[in-house]
Amino acid sequence: MRKPKDYDAELKALEDKARELKTRKVQQLGELVIATGADSLTADELAGALIVLVETKDAGKREAWAKRGTAWFQRKSRRSARGGDRNGGGASTQSDGTQSSSGATGAA
């Protein structure tokens, strides 16, 4: 005879996993805000910018923003790969981060 399933335990495990995924998503969004330099904005400015992005229906603008984001992530991953190969990568990463911050300020 089969052992009956413990549906309560399975449901609790799924709820725990969903909570963990939500926590990870929030943490990654916070890390993204910091990495892009958007943490220099006030909460009101950041919220306003995100609202405009969500409300924008112009596919061309959204695609341009997506391409810019893709390029940013690609540059960031290349910098990480280069920095890991060198012992002096910390100084290089710092100067790149400075350039990225000034670029983000100029784009805003």
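Here is a short walk through the structure, stop by stop.

Before you click, note that this is a predicted model, where local features need pLDDT of at least 70, side-chain atom pairs count only at pLDDT 80 or more, and totals for chains, interfaces and linings use all residues. Residues are numbered from 1 along each chain as its sequence is written, and side-chain values use heavy atoms, with hydrogens and water left out.

**The whole chain.** Switch to a cartoon view and you'll find four helices and zero strands, running α-α-α-α from the N terminus. Helices here are DSSP runs of H or I with at least four residues, strands are E runs of at least two, and numbering starts at the N terminus. Of the 108 residues, 7% are buried; buried means under 20% relative accessible area, exposed means over 50%, and partly exposed is in between (1.4 Å probe, protein chains only). Turn on the surface: about 9300 Å² is exposed, with carbon and sulfur atoms supplying 57% of it (Shrake-Rupley method, 1.4 Å probe).

**Helix α1.** Select residues 7–36 and show D16 and K12, which both lie in this helix, four residues apart, about one turn. Their side chains meet in a salt bridge at 3.2 Å, N to O (a side-chain nitrogen of Lys or Arg within 4 Å of a carboxyl oxygen of Asp or Glu). Add R19 to see a network of salt bridges linking K12, D16 and R19. Next, pick E20 and R24: another salt bridge, with the closest N and O atoms 3.2 Å apart. E20 and R24 are also four residues apart in helix α1, so about one helical turn separates them.

**Helix α3.** Now jump to residues 59–85, and to R68 within them. R68 counts as exposed because its relative accessibility is 53%. With R75, R78 and R82, R68 gathers in a surface patch of positive charge (patch residues have over 30% relative accessible area and no salt bridge; like charges are joined within 9 Å, nonpolar side chains within 5 Å). For a salt bridge in this helix, select E63 and K67, which sit at 3.6 Å, N to O.

**The aromatic stop.** Which two residues form an aromatic pair? Select W72 and F73: they are edge-to-face, 4.9 Å centre to centre, with 75 degrees between the planes. Ring centres must lie within 6.5 Å to pair; planes under 30 degrees apart count as stacked, over 60 as edge-to-face and the rest as tilted. W72 is buried at 14% relative accessibility, whereas F73 is partly exposed at 46%. Finally, add L29 and L32, which make a nonpolar surface patch of about 270 Å² with F73.

Key
Lys and Arg count as positive and Asp and Glu as negative; His and the chain ends are not counted. The place of a charge is taken as NZ of Lys, CZ of Arg, CG of Asp or CD of Glu. Rings of Phe, Tyr and Trp (its six-membered ring) pair if their centres lie within 6.5 Å; planes under 30 degrees apart count as stacked, over 60 as edge-to-face and the rest as tilted.
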